[in-house]
Amino acid sequence: MGSIFRSEEMCLVQLFVQAEAAYCCVNELGELGLVQFRDLNPGIIAFQRKFVNDVRRCEEMERILRFLEKEITKANIPIIESSENDKAPCPRDVIELEVAFEKLEKELKEINTNQEALKNNCLELTELKFLLQITEDFFEEAESQLSGSELPSEESVAVTGCSRRLSSTSGGGRLKLGFVAGVIQRERFSAFERLLWRLCHGNIVLRHVEINVPAEDCMADEFISKDVFIVFFQGEQFKSKVIKICDGFHATVYPCPETLHERMEMSVGVNMQIKDLHMILDQTEKHRKNLLLSAAKEVRKWNVKVKKMKAIYYTLNLCNIDITQKCLIAEIWCPVTDLKKVHSTLTKESVRNGSTMPPILNRIATNQTPPTFNKTNTFTVGFQNIVDAYGVGNYREVNPAPYSIITFPFVFAIMFGDCGHGLVMAIMAVGMILYERHHKNIEMNNEILTILCHGRYIILLMGLFSIYTGLIYNDCFSKTFNFFGSAWNVRAMFQPNGPWRNETLQNSSVLQLNPAVQGVFSGKPYPFGIDPIWNIAVNKLTFMNSYKMKMSVILGVFHMLFGVTLSLLNHIYFKELTNIFLEFIPEVIFLTALFGYLVFLIIFKWCVFTVSESEIAPSILVHFINMLMFNYSGPAMTPFYCKQVRLCDNSKVSILRSEHTEAEIKGGGDKNHWEEEKFSFGDTFVQQAIHTIEYCLGCVSNTASYLRLWALSLAHAELSEVLWHMVLRNGFTGLSSVGLTITFAVFAVLSVAILLVMEGLSAFLHALRLHWVEFQNKFYKGAGYKFIPFSFRDICKR
C-alpha cells in the first residue's frame, strides 16, 4: 500500500557534524523541515545547557523587537511584511545584530525621554502663559473688593458657588495683599474651593476661569478639563496654608510677578520659550518618525532572523558535544524516503563552510515507537486535521484521511441533500479558493473566517456532493426537476380505462393513483433520482421516510464493513495472523450475518415486490426482530489460543534453561532474560469477552446511529419547504416589484442563516461523529504521537 494510505516509514539517525559547522548545518535542516531532533540531555535542566546564554541573547533581542513594534504601531506607521526565506545570520554576525538592536533601543528610549521632558516643559510654559493672560483682571477686581468691609457668609458661598472671597478689614485703608496662582483639574475645584474657605475662615479671595484652547492647537487635549485660579490673602500664615492645600489637590502653582511690567516681560519670555520648544519638538518628532520608518522596513525581517537563531540554539541544546569539543552528536527522526536528501544538504553545507570532516549519518536500531508522519498538501491537510483531532494514528497504521476525502463529504451530503444549497456552498468555497491563490498567506482577525478559509476544499467537496445528492432526492430549494418525464400518468385514471370522471375531481379533495390500472404506472423507474410526482403527493413524507431510513441503514452497514475491512490491512501489515482468524473473520461474520442480512432483506423487498404487491410485502423490522430472538453466542477463542502459545513458549524456555549450567548464568547471564513474562489467562479472557460484547453491542448501536442520516435529511427538506411556502411563495402572489425584492431578500437571509449555516454546521458535526465513532474505531487506534519537524516555516508562523 502506498504511503498516501499509511504513515511514512521513519528511521532514527545518529548525526555527527564538525562543531564549527554545527550552527550552519542545523540552519539548513530548519530550512529543509524534514527532521525531528531527539533530546539527548533529558536530565539536564534548561539553564545548565551549553547554549543557554545564546538562547537568552535571542530572547533579549525578541524583547527589543517587541518594543520597536509597539512604538511603530503607536506612531501609526505601517509595518512592511517580510518573506520567511530570510536566512538566519551567521554566528559572527549575531553580535553585530545584537549591538545594532541595543543601539536602536537606546536611541529610541532617549528620544522618548527627551520628548516627554520637552512636552512637560512646554505644557508648564503653556499653563503659565494662560495664567498670565487670565489673572490680569483678577488683580484689579480683588483690590477693589478688599477696600470695602462687606463679608459674605459661608452659606451664600455654598449655595451660589461664587468664585470670589472677601477678607475682613478693621479699617478703610488699602491693604497689602499676597497671592498664589496656579492650574488645577476642573473636577477637583469644588472641593478645593470649599477647603480653602473653611481653613482660611473666609479671609481669602478666590477666582478661577476655564482654560479655552483652540481645537487646532497641538496641545488642546491637555487643557480640556483644567482651570486657572488665583487666591488673594493677607499674611504669610495664610500663604503657607494655601500652598499646602494646593499640594494636597495636585494643583500646579506658578510664580507670578506682583507688578504689571514684570508680568508683561515674563509673558513675552514665556511665548518665546514656547515657540522654541515647539520647534524642538517638531524636529524631535521628525527624527523619531524617520527612525521608526527605517525600523518598520526591517522589523519583520529581524523578527524572522531572531526566531530562526533562537530555534537553532534551542535545537543545539538538544545535542551533545564529544569530549574533544570538535564534534556535535545528534539523533534525529527522519522519513526514510528523505534520508538521502538530508545527507546531501548537510554535505553541501559542510563543504560551503570549509569543514574538514564530512557529516556522518548512521541509522540506529531502537525500541522506541517512531512518530507518525502523514505527508499532506493544500488539498488534503484539512481532512488530515479532522482525523488527527480524533487522535494521531499509531505508527504505520492505515490512515483514514484519504478515504475520508470521499466518505466525509458524501455522508455530509446525505444529510444536506439539496442541489440549490449545495451550489451556494460550492460557489462560496470557490470564492475562498480564488482568494487564497491571490493571497498566499491567509491571516484574518476573525477566527471563524480563518477556520473556514483553511477548510475551503472540504466545503467545496461538501457542496459538490450536496448537489449530487440533491439531484438524487430531486430537491432544489424544496422544488423538483422533471428532466425525463414522470413514470406515472394521471390521465389514464379517467374513463374508460379508470374509474375517474370530472365529477370525481370536483367532489374529492384527495385522489389516489392506482398502479393496477393500465397505463397509470409505466413500470419503468425514473432514470435518475426520485420521480418528480412525489413532490405533489400527499403521502410524500411517508414515502421519503421509508426511502431515506432504509438508505441510511444500507450506507451505514457498508461504511462499517469498509472500516472492518481496513483493519485487515493493519493485521496483514503488522503480521498479526492470529488477529485475522480470531478477530477479523468473526467480526465480519457477525456484521454480515446480522446487518448484512438486513441489507439483503431491504434490497430483496425493493426488487421482488412490485408496487401493486407492496401491501402484502412482509415487514422487515418484524422479521429481523424474530431472527434476533435466538441465541447464537459462543465462547471467544482468542484467550485459549493465547494460553496455548504461552504454554509452548514456557516449554521452550525450560529446554533452554537446561542447556545452560548454573555457573554460566552466574558468570555473565542476564537474570532478567530468564524471567517469565507474567500471563494471566483470567485477565485475557475477561478482556477478550469485554471486547466481544463491546463489538456486538457497538454494531447494533452504530447501525442505529446511522439513522441520523435519515433524520437530518428529512429535517433539512422540511425546513426548506417551510421557507418556500411561508416566505418566497407569498412574494409571487399580488406583491409589487419592491415587495418581491424584500421577500426574496428575507428568503435569502433565512436560507443562509438557517439552512446553510445552522443546518450545515449540524450536518458537519454529525458526519464528524459518524467517522470518528462508527467508522474509525473499527480499525484506527489513534494512540500515536505526531512527527513535529524542525521547520523554520512552522516556527515563523507562531
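Let's start with the empty space inside this predicted model. Counting cavities of 30 Å³ or more gives five of them. The largest holds about 190 Å³ of space, and 17 residues line it. If you want to find the spot on screen, go to Tyr473, Asp475, Lys540, Met544 and Ala717, which are the lining residues nearest the cavity centre. Two elements each give two or more residues to this lining: helix H16, running from 540–573, and helix H23, running from 708–731. The lining is a chemical mix, with seven nonpolar residues, four polar ones and six charged ones.

Tyr473 is worth a second look while you're there. Lys548 lies over the face of the Tyr473 ring, 4.3 Å from the ring centre. You can find another lysine over a ring elsewhere in the chain, where Lys129 lies over the face of Phe130 at 5.0 Å from the ring centre.

Now zoom out for a moment. The protein has 25 helices and nine strands. Of its 798 residues, 42% count as buried. How do the contacts spread along the sequence? Take contacts between residues at least 6 apart in sequence, and 83% of them join residues at least 24 apart.

The aromatic rings give you some concrete cases to look at. Across the whole structure there are 34 aromatic pairs. One of them is Phe373 with Phe787: the ring centres sit 4.8 Å apart and the planes meet at 55°, so this pair counts as tilted. Phe373 belongs to the loop between strand S9 (360–364) and helix H10 (381–390), while Phe787 belongs to the loop between helix H24 (737–775) and helix H25 (792–797), so the pair ties together parts of the chain 414 residues apart in sequence. Both of these phenylalanines are buried.

Another pair to pull up is Trp488 with Phe521. Here the ring centres are 4.7 Å apart and the planes are at 45°, so this pair is tilted as well. Trp488 sits in the loop between helix H14 (456–473) and helix H15 (502–507), and Phe521 sits in the loop between H15 and H16, so the parts being tied together are 33 residues apart in sequence. Are the two partners buried or exposed? Trp488 has 17% relative accessibility and therefore counts as buried, because the cut-off for buried is under 20%. Phe521, at 25%, counts as partly exposed.

Rings also join up in bigger groups. Ring pairs link Phe5, Tyr390, Tyr403, Phe562, Trp772, Phe775, Phe779 and Tyr780 into a cluster.

Back to the loop between H24 and H25, since Ser791 lies there too. With 9% relative accessibility, Ser791 counts as buried. Which residues does Ser791 touch, leaving out those up to four places away in sequence? The answer is Gly30 and Gly33.

The loop between H14 and H15 deserves another visit as well, because that is where Pro496 is found. The peptide bond leading from Gln495 into Pro496 is cis, with omega near 15°.

A couple of other backbone spots may catch your eye. His201 has phi near 55°, a positive value in a residue other than glycine. You'll find His201 in the loop between helix H6 (189–199) and strand S4 (205–210), and His201 is exposed, with a relative accessible area of 60%. Arg396 also has a positive phi, near 70°, and is likewise a residue other than glycine. Arg396 lies in the loop between H10 and helix H11 (401–415). Is Arg396 buried or exposed? At 11% relative accessibility, Arg396 counts as buried.

Last stop: Ile427, in helix H12, which covers residues 419–438. This isoleucine is exposed, with a relative accessible area of 53%. Where does its backbone sit relative to Leu460? The two residues are 33 apart along the chain, and their C-alpha atoms are separated by 7.8 Å.

Notes. Residues are numbered from 1 along each chain as its sequence is written. This is a predicted model: local features need pLDDT of at least 70, side-chain atom pairs count only at pLDDT 80 or more; totals for chains, interfaces and linings use all residues. Side-chain values use heavy atoms; hydrogens and water are left out. On a 1 Å grid over the protein atoms alone, a cavity is a set of points where a 1.4 Å probe fits but cannot get out, and a pocket is an open set with protein on both sides within 12 Å along at least five of seven lines; lining residues have an atom within 4 Å of a point. Grid points are joined across faces, edges and corners, and a volume is the space filled by probe spheres set on the points. Helices (H or I, at least four residues) and strands (E, at least two) are DSSP runs, numbered from the N terminus. Ala, Val, Leu, Ile, Met, Phe, Trp, Tyr, Cys and Pro count as nonpolar, Asp, Glu, Lys and Arg as charged, and the others, Gly among them, as polar. Rings of Phe, Tyr and Trp (its six-membered ring) pair if their centres lie within 6.5 Å; planes under 30 degrees apart count as stacked, over 60 as edge-to-face and the rest as tilted. Buried means under 20% relative accessible area, exposed over 50%, partly exposed in between (1.4 Å probe, protein chains only). A charge sits over a ring if NZ of Lys or CZ of Arg is within 6 Å of the ring centre and within 35 degrees of the ring normal. Contact means heavy atoms within 4.5 Å.
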